[in-house]
Amino acid sequence: MNLFFEGIAKAIEMILSGDREILQITYTTLRVCLTAIFISTVVGIPLGVLLGLHSFPGKKIVLVFVNIGMGLPPVVAGLYITMLLWRSGPLGHLGLLYTTHAIVMAQILVSLPIIIGLTSAAFQQIDQKMLMQIRALGATGFQRIGLLLRETRLAIFAAIMAGLGRVLAEVGAAMMVGGNIKGDTRILTTSMVMEVSKGNFDVAIALSFILMTLAFMITFLLTSLQQRKQRL
């Protein structure tokens with residue numbers, strides 16, 4: 001327990017002292033995670049709505065791959081992104097490997113299926129009678145989607161929070177495609193792995209305290225929005 005409390009004291013010391021490296025690592029973590037979850041949300045919700053509302057040949061196969069993607073191991077995602085961005089890979093000429101862009105791509109790969117899958121499941125559970133009633137009232141396509149998004153808002157917020165939790169906890173892919181470069185691609189999770197390997201458990205606990213604080217603050221904000229909209 002002493003090590004745990006020493007870690008918390010170390011975290012407070014780092015924050016209060018304005019440690020530039022810690023601030024930079026925290027900023028990089030927030031930047032890559034929020035960018036990844038924003039792109040996953042913008043892309044994932046429309047695809048989830050499409051899968052949930054419409055039937056088409058091969059839909060079950062698509063859902064199987066989405067559900068497999070929800071449990072995709074981060075190191076596998078990292079391997080795919082590395083192969084894509086490697087010098088001889090399809091996007092190797094862009095020079096994105098070992099940059100924060102590569103980390104964002106890997107995090108999108110692990111969070112996008114979660115948002116698509118949970119959004120799709122929410123829309124498949126909508127009562128068919130309600131769908132018929134909305135059509136009977138003459139709602140346009142956009143009005144219908146708007147009403148259904150409002151009806152499934154709790155599940156959609158839950159999907160976004162689940163995706164966010166996945167990207168905040170991700171370490172294997174970030175280490176593989178980002179390289180944990182000091183001052184550039186180092187984020188909180190990869191820093192923790194490095195500090196543990198060096199035996200600096202107090203620093204690792206301090207970094208975990210900062211990461212958990214960030215996760216709590218963002219999740220609290222999203223939960224507040226979710227519950228506020230529930231009362232509207």
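**Exercise 1. The pairing of α6 and α7**

Which residues in α6 meet which residues in α7?

*Solution.* The model is a predicted one, in which local features need pLDDT of at least 70 and side-chain atom pairs count only at pLDDT 80 or more, while totals for chains, interfaces and linings use all residues. Residues are numbered from 1 along each chain as its sequence is written, and side-chain values use heavy atoms, with hydrogens and water left out.

Step 1: identify the elements, where helices (H or I, at least four residues) and strands (E, at least two) are DSSP runs numbered from the N terminus. Helix α6 covers residues 128–136 and helix α7 covers residues 141–151.

Step 2: list the contacts, a contact being heavy atoms within 4.5 Å. From α6 come Met130, Leu131, Ile134 and Arg135, and these meet Arg144, Leu147, Leu148 and Glu151 in α7. By class, this contact has five nonpolar, no polar and three charged residues, where Ala, Val, Leu, Ile, Met, Phe, Trp, Tyr, Cys and Pro count as nonpolar, Asp, Glu, Lys and Arg as charged, and the others, Gly among them, as polar.

Step 3: describe the geometry, with axes taken as lines fitted to C-alpha atoms, for helices over the stretch in contact, and angles running from 0 to 180 degrees between N-to-C directions. The two helices pack at an angle of about 145°, with their axes 11 Å apart. The crossing of α6 and α7 is right-handed, a crossing being left-handed if the near helix is turned anticlockwise from the far one by less than a right angle, and right-handed if clockwise.

**Exercise 2. The chain as a whole**

Determine how many helices and strands the chain has, and how its contacts are distributed along the sequence.

*Solution.* Step 1: the chain has 11 helices and zero strands. Step 2: along its principal axes, the C-alpha trace spans about 65 × 50 × 25 Å. Step 3: of the 232 residues, 42% are buried, that is, under 20% relative accessible area, with exposed meaning over 50% and partly exposed in between (1.4 Å probe, protein chains only). Step 4: among contacts with a separation of 6 or more, 74% are between residues 24 or more positions apart.

**Exercise 3. The salt bridge**

Find the residues that form the salt bridge, and state which parts of the chain they tie together.

*Solution.* Step 1: the criterion is a side-chain nitrogen of Lys or Arg within 4 Å of a carboxyl oxygen of Asp or Glu, and the structure holds one such bridge. Step 2: the partners are Arg186 and Glu21, whose closest N and O atoms are 3.6 Å apart. Step 3: Arg186 lies in the loop between α9 and α10, whereas Glu21 belongs to helix α2 (residues 20–53), so the pair ties together parts that are 165 residues apart in sequence. Step 4: Arg186 counts as buried at 9% relative accessibility, while Glu21 is partly exposed, with a relative accessible area of 33%.

**Exercise 4. Positive phi angles**

Locate Tyr98 and Asn180, and state the phi angle of each.

*Solution.* Step 1: as background, most residues other than glycine have a negative phi. Step 2: Tyr98, although not a glycine, has a positive phi of about 65°; its place is in the loop between α4 (74–85) and α5 (100–124), and Tyr98 is partly exposed at 37% relative accessible area. Step 3: Asn180, also not a glycine, has a positive phi of about 55° and sits in the loop between α9 (172–178) and α10 (188–197), where Asn180 counts as buried at 9% relative accessibility. Step 4: Gly199, just after α10, takes a positive phi of about 85°.

**Exercise 5. Annotated spans and the burial of α10**

Compare the UniProt record with the helix content of two spans, and then examine α10.

*Solution.* Step 1: the unreviewed UniProt entry lists residues 29–50, 62–86, 98–123, 154–181 and 201–222 as "transmembrane region"; positions are given in the numbering used here, feature names are shortened, and annotations may be inferred rather than shown by experiment. Step 2: residues 29–50 are 100% helix and 0% strand, with end C-alpha atoms 31 Å apart, whereas residues 98–123 are 92% helix and 0% strand, with end C-alpha atoms 38 Å apart. Step 3: Thr41 lies in helix α2, is buried at 17% relative accessible area, and touches Pro46, Ile115 and Ile160, not counting residues up to four places away in sequence. Step 4: seven of the 10 residues of α10 are buried, so α10 is largely enclosed by the rest of the structure; among them are Leu188, Met192 and Glu195.
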